[in-house]
Amino acid sequence: MLVVIVILGIIAAIAVVAIGGIIENSKKDNVVGNAQQMISAAKLAVAGGNIKVSTTNTPVEVTAEELQEWGYLDSFKGPNGDDPDTAIVTLEAGENGVVTYKVNLEFKGYKINASEDKILTEGRGVVNEKEE
């Protein structure tokens, strides 16, 4: 009987650690998903004429609030159910005319400041813990 209790205790300890990791990954996935939605909304705003990207290598910043006002983005919450502290997409046209997108998104405890390519290739690896 004692052996069974010890085994169950070990299994429970392993499960608690595993569940903690799953929850943390889910929170980071929330931040990545929100960042990807902001980039998609910014692309739609460019196509719709709401954002004019300069060809003189001058970055253009657009906020989540602007994307929401124009109807390209729904409101969203962070991993803890909070509104973003910072939510900005920066667009810049390179010499070849290709527009690059970078997101600066911060919630309580989490932040992401990365390009679209980095977000797509690294996923939750680009999410950092934000010091409060």
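The legends below describe close-up views of a predicted model. Local features in this predicted model need pLDDT of at least 70 and side-chain atom pairs count only at pLDDT 80 or more, whereas totals for chains, interfaces and linings use all residues. Residues are numbered from 1 along each chain as its sequence is written, and side-chain values use heavy atoms, with hydrogens and water left out.

**View 1. Five strands form an open sheet with antiparallel pairing.** The strand order is S1-S2-S3-S4-S5, where strands (E, at least two residues) and helices (H or I, at least four residues) are DSSP runs numbered from the N terminus, and two strands pair if DSSP finds at least two bridges between them. S1 and S5 stand at the edges with a single partner strand each, so one side of each is left without a neighbour in the sheet. Strand S1 (residues 60–63) pairs with S2 in the antiparallel sense over four bridges, and within this part of the sheet Val62 stands opposite Val89 in S2.

**View 2. Strands S2 and S3 form a hairpin with five residues between them.** The pairing of S2 with strand S3 (residues 99–107) is antiparallel and runs over eight bridges; Ile88 has Asn104 in S3 as its bridge partner, and Ala93 stands opposite Val99 in S3. In the turn, Gly97 has a positive phi of about 85 degrees.

**View 3. Side chains alternate along strand S2 (residues 86–93).** Ala87, Val89, Leu91 and Ala93 point to one face and are buried, where buried means under 20% relative accessible area, exposed means over 50%, and partly exposed lies in between (1.4 Å probe, protein chains only). Thr86, Ile88, Thr90 and Glu92 point to the other face and are not buried.

**View 4. Helix H1 lies across S2, S3 and strand S4 (110–115).** The helix runs at about 140 degrees to S3, with axes taken as lines fitted to C-alpha atoms, for helices over the stretch in contact, and angles running from 0 to 180 degrees between N-to-C directions. Asn34 is found in helix H1 and, with a relative accessible area of 9%, Asn34 is buried. Leaving aside neighbours within four places in sequence, Asn34 is in contact (heavy atoms within 4.5 Å) with Phe76, Lys77, Gly78, Leu105 and Phe107.

**View 5. Asp29 and Arg124 form a salt bridge between distant parts of the chain.** A salt bridge is a side-chain nitrogen of Lys or Arg within 4 Å of a carboxyl oxygen of Asp or Glu, and the structure holds three of them. In the pair shown here, the closest N and O atoms of Asp29 and Arg124 are 3.0 Å apart; Asp29 lies in helix H1 and Arg124 in the loop between helix H3 (116–122) and strand S5 (128–129), 95 residues apart. Asp29 counts as partly exposed at 37% relative accessibility, and Arg124 counts as partly exposed at 36%.

**View 6. Glu116 and Lys43 form a salt bridge that joins helix H3 to helix H1.** Their closest N and O atoms are 2.6 Å apart, although the two residues are 73 residues apart along the chain. Glu116 counts as buried at 18% relative accessibility, whereas Lys43, with a relative accessible area of 36%, is partly exposed.

**View 7. Asp83 meets Lys77 in a salt bridge.** The N to O distance between the two side chains is 2.8 Å, and Asp83 lies in the loop between helix H2 (64–69) and S2. Lys77 is partly exposed, with a relative accessible area of 45%, and Asp83 is partly exposed, with 47%. Leaving aside neighbours within four places in sequence, Asp83 is in contact with Phe76, Lys77 and Phe107; the C-alpha atoms of Asp83 and Phe107 are separated by 6.9 Å, while these two residues are 24 residues apart along the chain.

**View 8. A nonpolar patch on the surface includes Ile5.** The patch is formed by Met1, Leu2, Ile5, Val6, Ile10 and Ile14, which together have about 680 Å² of accessible area, and Ile5 lies in helix H1 (residues 2–47). Patches are made of residues with over 30% relative accessible area and no salt bridge, like charges being joined within 9 Å and nonpolar side chains (Val, Leu, Ile, Met, Phe, Trp, Tyr) within 5 Å. Accessible areas come from the Shrake-Rupley method with a 1.4 Å probe, and for residues only the protein chains shown count as cover.
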